[in-house]
Amino acid sequence: MADHVTVEICMGTTCYMMGSAQMAGMAERLPEEWKDRVTITGKRCTGACQKAGQYGRAPFVRVNGELIGAADEGKVLAAIRDLLEA
Ligand code: FES
């Protein structure tokens, strides 16, 4: 179980157009009990979008370092829950 989870949302052009724009306000939508334990930041393109097939497709989000492809808010919340509550 993790004490703290860091979420890095790629805000590069490809990811932004593919859906990370919708995740940008996610910090405000976190359950109250997670708010002190989760940090959400934006990142520049790290190149994952150029290696389609290897990492999945955009948008990409890292949750405690683990790369999630085709990310959406539901997937990211599930990954956070696994880390905080497992
Ligand atoms: S734009 Fe997100 S990995 Fe390239």
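## Burial and the example of Thr6

A residue is called buried if 20 or more other C-beta atoms lie within 10 Å of its own, exposed if 12 or fewer do, and partly exposed in between. In this structure, which is a predicted model, Thr6 has 15 other C-beta atoms within 10 Å and is therefore partly exposed.

Thr6 is found in strand β1, and, once residues up to four places away in sequence are set aside, it touches Thr39 and Asn64. Thr6 can also be placed relative to a residue much further along the chain, since its C-alpha atom is separated by 12 Å from that of Arg81, 75 residues apart along the chain.

## Confidence of the model

The protein chain averages a pLDDT of 94, and 99% of the residues score at least 70. Where pLDDT is low, the predicted coordinates should not be read in detail. In the protein chain, confidence is highest in β1, at a mean of 98, and lowest in α2, at 94.

## The sheet

Four strands form an open sheet with mixed pairing, and their order across the sheet is β2-β1-β3-β4. Because β2 (38-43) and β4 (66-68) stand at the edges, each with a single partner strand, one side of each is left without a neighbour in the sheet. On average, and with direction ignored, neighbouring strands of this sheet are turned by 20° against each other.

How many bridges join β1 to β2? There are six, and the two strands run parallel; in this pairing Val7 has Ile40 of β2 as its bridge partner. Strand β1 is also joined to strand β3 (residues 61-63), here by three bridges and in an antiparallel arrangement, with Val61 of β3 as the bridge partner of Ile9.

## Helix α1 and its two faces

Helix α1 covers residues 13-23, and its buried residues are Cys15, Ser20 and Met23. Seen down the axis of α1, these buried residues fall within an arc of 15°, so they line one face of the helix. An α-helix has 3.6 residues a turn, so residues three or four places apart point the same way.

The face of α1 turned away from the buried side carries the exposed residues Met17 and Gln22. On the other hand, the buried residues of α1 pack against β1 (5-10), α2 (26-29) and α3 (73-85).

## The nonpolar core

The largest nonpolar core has 16 residues, and those that touch the most other members are Val7, Ile9, Phe60, Val61 and Val76. The elements that give two or more residues to this core are β1, α1, β2, β3 and α3, and β1 gives the most, with three residues. In soluble globular proteins, nonpolar side chains tend to be buried together.

Val7 shows how a member of the core meets other parts of the chain: leaving aside its neighbours within four places in sequence, Val7 is in contact with Val38, Thr39, Ile40, Val61, Val63, Val76 and Ile80. Among these contacts, Ile40 is also the bridge partner of Val7 in β2, and Val61 and Val76 are, like Val7, listed with the core residues that touch the most other members.

## Backbone features in the loops

Which two residues does a cis peptide bond join? They are Ala58 and Pro59, and omega is about 0° at this bond. Pro59 lies in the loop between β2 and β3.

Asn64, already met as a contact of Thr6, is found in the loop between β3 and β4 and has a positive phi of about 45° although it is not a glycine. Ala70, in the loop between β4 and α3, is likewise not a glycine and has a positive phi of about 50°. Asn64 counts as partly exposed because it has 14 C-beta neighbours inside 10 Å, and Ala70 counts as partly exposed because it has 14 such neighbours.

## Glu73 in helix α3

Is Glu73, which lies in helix α3, buried, exposed or partly exposed? With 14 C-beta neighbours inside 10 Å, Glu73 counts as partly exposed. Apart from residues up to four places away in sequence, Glu73 touches Met23 and Met26, and of these Met23 is one of the buried residues of α1. The C-alpha atoms of Glu73 and Ala24 are separated by 9.6 Å, although the two residues are 49 residues apart along the chain.

Note on methods
Residues are numbered from 1 along each chain as its sequence is written. This is a predicted model: local features need pLDDT of at least 70, side-chain atom pairs count only at pLDDT 80 or more; totals for chains, interfaces and linings use all residues. The arc is that of the directions from the helix axis to the C-beta atoms. Two residues are in contact if their C-beta atoms, placed from the backbone, lie within 7 Å. Two strands pair if DSSP finds at least two bridges between them. Axes are lines fitted to C-alpha atoms, for helices over the stretch in contact, and angles run from 0 to 180 degrees between N-to-C directions. pLDDT is the predictor's confidence in each residue, from 0 to 100. A nonpolar core is a set of buried Ala, Val, Leu, Ile, Met, Phe, Trp, Tyr and Cys residues joined through C-beta atoms within 7 Å.
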